[in-house]
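Hi,

Here is the structure I promised to pass on. Have it open while you read, and my notes on what turned up follow below.

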Amino acid sequence: MTRIIDKILSRRSQKAYKTISEGEDSNNSMDVSDGSNNQFSFKPNYYYSFEFFPPKTEAGLDNLMTRIDRMTRRLEPLFVDVTWGSAGSTSARTLAVASFAQRYCGVDVLCHLTTTGMTRQQLLQALEQAKSCGIRNILALRGDPPKGKRSWKPGDVSGGDCDRASDLVKLIKEEYGDWFGIAVAGHPEGHPSSNNLEEELEHLQEKVNAGAEFIITQFFYDVQLFLQFVRRCRAKGITCPILPGIMPIQSYSSFVRMTRYCGISVPPHVMEQLEPVKEDDEAVKEIGCKIAADMCQEILTASIETDEYGIDGLHFYTLNLERSVTRILLRMGAIDLIQPTQVAADIDDASALQQLTQGVNQAGNNKASPTAANNNHDTIRSSAGRPLPWRPSAMDQRSKEEVRPINWANRPKSYVRRTEDWDEFPNGRWGDATSPAFGELSDLAHFYSFSLGSDDERRAMLGHNPTSEQDVYDVFAKYVEGKLPHIPWCENPLQPESFLIQPQLAKLNRAGFLTINSQPAVDGVESTNPTFGWGGEGGYVYQKAYCECFCSPDNMQRLVQMVRANKAMNLYAIRSNGSSEMVQEGVEVGGVTALTWGVFPNREILQPTIFDPSTFQVWAEEAFSLWTTMWLNLYDFDTESFSLIETIRDTYYLVAIIDNNFLAKNNDGEAGALFSAMFRVGEEIST
């Protein structure tokens, strides 16, 4: 929970570019020349943000939250902002979206607040609600014209207690001091309520003088008009950050309608590109993405060539859509496509790479086209480095949280919900698993057991009429193969680090070992590694191999024998509702085990992911309950399908296995000792 201006200024303390020395790889970066032998890459130091608006229906709201979660996880925006309806008409939904994004997606939020039709008391109430939700950033706006007016006219005021946005900025500063970071709008082509651009700049300066700390502009398509606007701002003494507003073109008709309604200039070269394909929506979107990417590059290039502009960030008006923004960022090199060949190279294992190229359908060169991303959502990853292997919450009360149990790796929102009432995370720890503060499993705890859609959609995904265990095994295997986007235990598609063993994992699932969580061993890769890295530059990261799966009692015994034959391993297994004591096998069982750790300059060793047998029992209760809430309930009581899922729930074990030998290269095969041994067990069953 951070003031966005503080994050922007922290980035501004560094150069907005870095020099790429001769011979250094500059792939997938946006390069320009300054006339010397140097090249520049924006990739590490420019930032971007996304705007969303709250939908009118509950179903739309749920879908938007899922999309925000996916976009913030994959694209790593610096912040997101959420719009506010006229006279507070969407205030409840605005705060719901903003709170969700900050608490569960770990991204800072800029919340709109408009003055139109709002009394001072209503504005203060909205600010107090925002503060109670942990929101520390406000975009202060006058808003849409009052009811009865189609557009603003020169001299118009809001009709509320604050006539203009500058009055709202003053109110926020008077009542809350520096608690809120404040942004305001800028209009590169002027505003209808101003007689001319000079008058509009006077109003903008009033907002900044009142306490506004950065500016987000109205969308535009003429870059030169925007740059001229920035120059005039700087000449007037407005030195704060200015973020250009970029609106991707979604269709020709909406583009024409929006530009005419808002009085936005359209350069001839833009229309020349759109006119020939205006009847083809897909072609319009593709060209629109190219136009937007070119605009961004032109703006950032101008800021490199002169210090006059100081533009090091971009703001995208997403219209709650994902694909166009993703395409634009791919074109700019701001995000990468992490593919199986790259993952193998990331752990520097030539034999594994050879094995993978034989077993996986290759997508080709890593510089994939933007269109390719549409069919491969799970492989997109931001170029920004991760502070931790898991995405931290942006809430103040979790600011010291540095450790989480691995069990909720694929259901992080459930973990945050079950621990959100904790008042502290001592020494960065996740707390005491035996504490009554660890949220009870209840319907409330599953408030976001992410939706698999309607019952019909879930049947299409999980099976209309499964009659055999093999039918269930195939569902898990299809998830691993990327044919299903998620299953009840995994909110997101398979992570890139599992691509290395994807074909073998699928075979393992079809053999009856239903994997829901796994990670390979990593032995000291650089902390900037695109697949495994986290924690910033200059460090090295490590992790032990881990696998968690459901399996039958017979298969559980096979895994026990496997662990007994591998002295570096530990196994923990438990049945539904604790119907038997937890099985423990291996060396020194029972203690807390660090599964991921990192070594960094001038810092203590960090251990952000652990396994704790006590916490495993808490997780097992939730994991087994999902068989009922997300799968069993799809079928009638007296059907064969109902009996099948019920039997699996009541008889199978949930098994967790740790390989304490974290050396990525060993004598047991390319996949590491744990997975090589499990694959052999699976092959024995299959044959």
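A search of the whole structure turns up 26 salt bridges. A salt bridge here is a side-chain nitrogen of Lys or Arg within 4 Å of a carboxyl oxygen of Asp or Glu. The idea behind it is simple: side chains of opposite charge can pair when their charged atoms come close.

Before you go hunting, keep in mind that this is a predicted model, where local features need pLDDT of at least 70 and side-chain atom pairs count only at pLDDT 80 or more, while totals for chains, interfaces and linings use all residues. Residues are numbered from 1 along each chain as its sequence is written, and side-chain values use heavy atoms, with hydrogens and water left out.

Try R70 and E322 to begin with: their closest N and O atoms are 2.7 Å apart. This salt bridge links distant parts of the chain, with R70 in helix α2 (residues 58–75) and E322 in the loop between β11 (313–317) and α11 (323–332), 252 residues apart. Helices (H or I, at least four residues) and strands (E, at least two) are DSSP runs, numbered from the N terminus. Are the two partners buried or exposed? For these words, buried means under 20% relative accessible area, exposed over 50%, and partly exposed in between (1.4 Å probe, protein chains only). R70 is partly exposed because its relative accessibility is 24%, whereas E322, at 5%, counts as buried.

Next, look at R510 and D474, whose closest N and O atoms are 3.3 Å apart. R510 sits in helix α17 (residues 502–510) and D474 in helix α16, so this salt bridge ties together parts that are 36 residues apart in sequence. Both come out as partly exposed: R510 has 30% relative accessibility and D474 has 24%.

Then there is a pair inside one helix: E646 and R649 meet in a salt bridge at 3.8 Å, N to O. They are three residues apart in helix α20, which means that about one helical turn separates them. E646 is partly exposed at 27%, but R649 counts as buried at 16%. There is also a network, in which salt bridges that share partners join R3, D6, K173, D178 and E213.

Stay with α20 (residues 640–651) for a moment. Its twelve residues should span 16 Å at 1.5 Å a residue, and the end C-alpha atoms are indeed 16 Å apart; the expected span is 1.5 Å times one less than the number of residues. Which residues of α20 are buried? They are S641, F642, L644, I645, I648 and R649. These cover an arc of only 165° around the axis, so they lie on the same side of α20 (the arc is that of the directions from the helix axis to the C-beta atoms). They pack against α16 (469–480) and α19 (613–630), where contact means heavy atoms within 4.5 Å.

Finally, the barrel. Eight strands, β4-β5-β6-β7-β8-β9-β10-β11, form a closed barrel with parallel pairing; two strands pair if DSSP finds at least two bridges between them. For one example, four bridges join β6 (residues 108–114) to β7 (residues 137–141). Within that pair, L113 stands opposite A140 in β7.

Have fun clicking around!
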